[in-house]
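Please look over the structure shown here, and then work through the exercises beneath it at your own pace.

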Amino acid sequence: WTSTNAGRIQRLINSNECIIFMTHVKIGKWKPVFKGKVFTIEQVKSVLPNGKIKIMERATRKSTIGVIAIDSKKRIFLNYEYKIALKKYIWKIPAGGIKDGETPEQTVHRELMEELGYDAKKIKLFYKTMPQNSINKTHSIYLATQLTPRKLYDEEEISEIKSKPMTIDEAYKMAKNGEIDESETIAIICKLYWNKQIIDDFVEE
């Protein structure tokens with residue numbers, strides 16, 4: 001297994017006919033069957049090696065970003081906001097979808113101003129998650145610091161967002177005791193808690 005083989009398989013996947021470990025699987029073209037405000041549901045027909053036909057589905061949406069805002073005291077900001085689908089308030093990092101014509105970096109600045117009331121002079125890509133089997137989108141997590149007050153109002157917000165700065169130790173304790181239960185936020189907090197030097201290096205560099 002080499003990078004050349006991996007690249008070849010990826011090209012074959014992109015061409016909608018893939019060969020995986022020398023097993024032939026024919027995959028048709030993804031076709032939209034439902035289009036909502038945020039998600040488009042797509043289906044594709046595949047023919048397995050045994051001749052059986054399988055219909056697969058995925059939800060596709062525009063790429064999104066999340067922001068870990070860090071103040072001069074090396075505290076991170078978490079939002080406490082109401083989520084209609086969950087019917088409750090949750091703790092999470094500022095995040096949102098990339099609008100048409102925006103770069104991911106421009107979205108970072110906009111979401112910071114809309115949700116925190118701050119802009120950042122310095123931002124940096126922390127990591128990116130790739131599309132999953134059933135969710136076709138990319139999600140990029142950014143670090144942001146050198147914060148300055150600047151509010152941008154979002155007419156689509158359904159409730160007031162309350163933001164709270166806290167140390168990574170405090171955030172980890174909230175995640176550990178279940179006060180923070182949103183999976184992405186927990187993963188981010190754990191990454192930073194286990195690698196605290198990331199915060200120090202980013203603020204001081």
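Two exercises follow, each with a worked solution.

The model is predicted, so local features need pLDDT of at least 70 and side-chain atom pairs count only at pLDDT 80 or more, while totals for chains, interfaces and linings use all residues. Residues are numbered from 1 along each chain as its sequence is written, and side-chain values use heavy atoms, with hydrogens and water left out.

**Exercise 1.** Determine whether Lys121 is buried or exposed, and find which residues it contacts beyond its neighbours within four places in sequence.

Solution. Begin by placing Lys121 in strand 10, residues 118–129, where a strand is a DSSP run of E with at least two residues, numbered from the N terminus. Next, Lys121 has a relative accessibility of 65% and therefore counts as exposed, a word that applies over 50%, whereas buried means under 20% and partly exposed lies in between, using a 1.4 Å probe and protein chains only. Finally, with neighbours within four places left aside, Lys121 is in contact with Thr145, Gln146 and Thr148, contact meaning heavy atoms within 4.5 Å.

**Exercise 2.** Describe the surroundings of Glu115, and state which side chain of opposite charge is nearest.

Solution. Glu115 belongs to helix 2, residues 104–115, a helix being a DSSP run of H or I with at least four residues. Although Glu115 is buried, it has no salt bridge, which would need a side-chain nitrogen of Lys or Arg within 4 Å of a carboxyl oxygen of Asp or Glu. The nearest side chain of opposite charge is Lys92, 4.9 Å away, where Lys and Arg count as positive and Asp and Glu as negative, with His and the chain ends not counted.
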